[in-house]
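Work through the exercises below with the sequence and the coordinates at hand. Each task is followed by a solution in steps.

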Amino acid sequence: MDTGFVAALGDWRGRPGPLARTLAAAVKDAVVDGRLPAGTRLPSERELARTLRLSRGTVVAALSLLRADGWLRTRHGSGSAVRLPARLTERTAPWSLDRGGAPGADLDLTLAVTAAPHDAYRAALARAAELTAPLLVDSGVATAGLPRLRALLADRYTRAGLATRPEQILVTAGAQAALTLLLDQLYTDRTAPVLVENPAFPGALAVLRARRARLLPVPVSATDGWDIAHLTAAVRRHRPRLACLVPDFHNPTGAHMDPAVRRAVAALADRHDLTVLADETLRDIDLRTPPGTEPHLAGARVIQIGSVSKTLWSGLRVGWIRTTADLVRRLLLRPLQAQLAPPPLEQLIAAELLGAPLPALLADRRARLRAQRDHLAGLLADTGWTYTVPAGGLSLWLHLGGAGPRAADLAARAAARGLALTPGPRFAADRATLSRHLRLPFTATPETLTRAVELLRACDTV
């Protein structure tokens with residue numbers, strides 16, 4: 001145990017500063033990097049001093065620093081164990097955003113994602129592990145999803161006003177896996193364009209470009225949402241067979257489709273033999289008080305795609321398709337289906353989290369994200385940049401105006417100062433327009449958002 005503990009710390013003695021502080025920092029890094037699992041019991045102070053060849057006073061000082069900072073729990077008679085401090089496990093912001101998740105960055109605002117609900121996730125993992133026994137005596141071959149999870153998802157749709165049976169649900173390894181599988185089945189007319197929003201989520205654009213789909217962009221704005229007249233004209237003129245839309249807190253604009261537009265889109269799809277793939281990944285990130293009750297974008301030619309990646313955690317690769325039972329059966333015959341299905345254990349975890357814990361989890365996440373959104377909006381209030389505070393979602397869609405640098409230039413300047421950002425052209429169907437826009441996620445902590453905006457403002461004045 002002593003040897004393993006020492007090995008987990010790495011070459012910590014080469015760091016500058018007092019030995020007690022460098023030892024404490026090495027323990028923190030080892031926990032964050034997974035070399036020392038949370039809960040690992042430490043050797044006694046005497047054993048640590050002997051193994052590390054330090055004075056006992058230095059060891060005591062290092063442990064005191066860790067204890068005071070929340071990285072060490074000590075119980076009388078049980079010794080000490082390392083842990084993640086509450087300020088990390090109780091926040092929604094991923095730890096890596098503060099440590100430079102993007103290469104060469106100190107602050108990473110390229111990802112609009114949240115950290116897992118730490119305690120609830122670990123509890124769900126423990127309960128899921130207890131439920132694996134029946135699965136382990138079966139084949140483990142991919143199916144449409146675990147019956148419990150499919151029933152739970154069907155019930156959620158039904159309670160929201162969209163009657164659904166479990167056989168209408170196909171569980172996938174996330175929303176992009178769902179989109180990939182649906183395109184594999186439905187994208188058969190390569191002469192017809194695929195209607196997409198502009199701006200659009202880069203992940204969806206990447207899936208479509210991988211299939212060399214011809215994209216038909218229709219504008220979406222943070223202030224006005226979808227122009228149904230423009231969309232109707234595009235469908236009549238270009239005759240797309242597929243459309244990919246994000247009706248609920250659109251990524252990146254935050255636009256939310258009102259019920260009248262939803263009905264108009266569904267009717268347009270019926271009239272023109274258009275299949276609409278409605279990405280509902282952000283539907284639960286409703287930051288209104290209280291949350292709204294808009295119906296799902298639904299109709300005979302509308303297929304819903306869902307995921308827990310934004311609501312709970314991107315590391316939980318569980319998504320789903322809600323469609324007809326007949327299409328579910330046909331999708332199960334696709335060769336890609338098994339590759340795009342999540343492991344049974346992840347489905348069990350998702351079922352645990354989407355059950356009884358979900359209302360409390362959503363309430364907490366919404367409150368934190370609402371506060372972070374409002375904090376970011378306040379920081380930007382006197383910049384001259386314009387934006388609409390979204391009613392939900394995870395980011396602000398910032399317009400830089402015509403006088404200052406373009407988004408790509410501003411992002412490059414920010415990168416030179418250690419701040420990673422995503423400029424507007426990444427969200428453009430043509431990769432070139434939206435050059436005056438930036439997406440700014442508010443998933444980071446208020447402290448990180450403050451530092452990021454300070455850097456961004458400094459870059460704008462260069």
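**Exercise 1. The eight-stranded sheet**

Find the strand order of the open sheet of eight strands, and name its edge strands.

Solution. This is a predicted model. Read across the sheet: the order is β4-β11-β10-β9-β8-β5-β6-β7. The pairing is mixed. The edge strands are β4 (169-172) and β7 (225-226), and each pairs on one side only. Now take the β4 edge. Four bridges join β4 to β11 (residues 319-322), and these two strands run antiparallel. For a register check, use Val 171: its bridge partner in β11 is Trp 320.

**Exercise 2. The three-stranded sheet**

Which strands make up the open sheet of three strands, and in what order? Explain why β12 and β14 each have a side without a neighbour.

Solution. The order is β12-β15-β14, with antiparallel pairing. β12 and β14 (422-423) stand at the edges and have a single partner strand each, so one side of each lacks a neighbour in the sheet. Next, count the bridges between β14 and β15 (residues 437-441): there are two, and the strands run antiparallel. Pro 423 stands opposite Leu 438 in β15.

**Exercise 3. Two helix pairs**

Classify the packing of α2 with α4, then that of α16 with α17.

Solution, first pair. Start with the axes. Those of α2 (residues 19-32) and α4 (residues 56-68) come within 8 Å and cross at roughly 50 degrees. Oblique covers angles that are neither under 35, nor over 145, nor 65 to 115 degrees. The two helices are therefore oblique to each other. The crossing is right-handed. Now list the contact residues. From α2 come Leu 19, Ala 20, Arg 21, Leu 23, Ala 24, Val 27 and Lys 28; from α4 come Thr 58, Ala 61, Ala 62, Leu 65 and Leu 66. Sorted by class, the contact of α2 with α4 has nine nonpolar, one polar and two charged residues.

Solution, second pair. α16 (residues 407-416) and α17 (residues 446-460) pack at about 120 degrees, with axes 9 Å apart. That angle makes α16 oblique to α17. α16 passes α17 in a right-handed crossing. Leu 410, Arg 413 and Ala 414 of α16 meet Leu 456, Cys 459 and Asp 460 of α17. By class, this contact of α16 with α17 has four nonpolar, no polar and two charged residues.

**Exercise 4. Backbone exceptions**

Locate the cis peptide bonds from Asn 198 to Pro 199 and from Thr 289 to Pro 290. Then place Arg 212, with its positive phi.

Solution. Recall the background: most residues other than glycine have a negative phi, and most peptide bonds are trans. The bond from Asn 198 to Pro 199 has omega near 10 degrees. Pro 199 is in the loop between β5 (194-198) and α10 (202-210). The bond from Thr 289 to Pro 290 has omega near -5 degrees. Pro 290 is in the loop between β9 (275-279) and β10 (302-307). Phi of Arg 212 is near 55 degrees. Arg 212 lies in the loop between α10 and β6 (215-221).

**Exercise 5. A threonine in a loop**

Which backbone atoms does the side chain of Thr 383 contact?

Solution. Place the residue: Thr 383 is in the loop between α15 (358-379) and β12 (395-399). A polar atom of the Thr 383 side chain lies 2.8 Å from the backbone oxygen of Leu 380. The side chain of Thr 383 also reaches the backbone nitrogen of Trp 385, at 3.1 Å.

Conventions
Residues numbered from 1 in each chain as written. Predicted model: local features only at pLDDT ≥ 70, side-chain atom pairs only at ≥ 80, totals over all residues. Heavy atoms only, no water. Polar contact = N/O pair within 3.5 Å; in protein donor to acceptor, adjacent residues only side chain to side chain. Pairing = 2+ DSSP bridges. Axes fitted to C-alpha atoms, helices over the stretch in contact; angles between N-to-C directions. Left-handed = near helix turned anticlockwise from the far one by under 90°. Contact = heavy atoms within 4.5 Å. Nonpolar A, V, L, I, M, F, W, Y, C, P; charged D, E, K, R; others polar.
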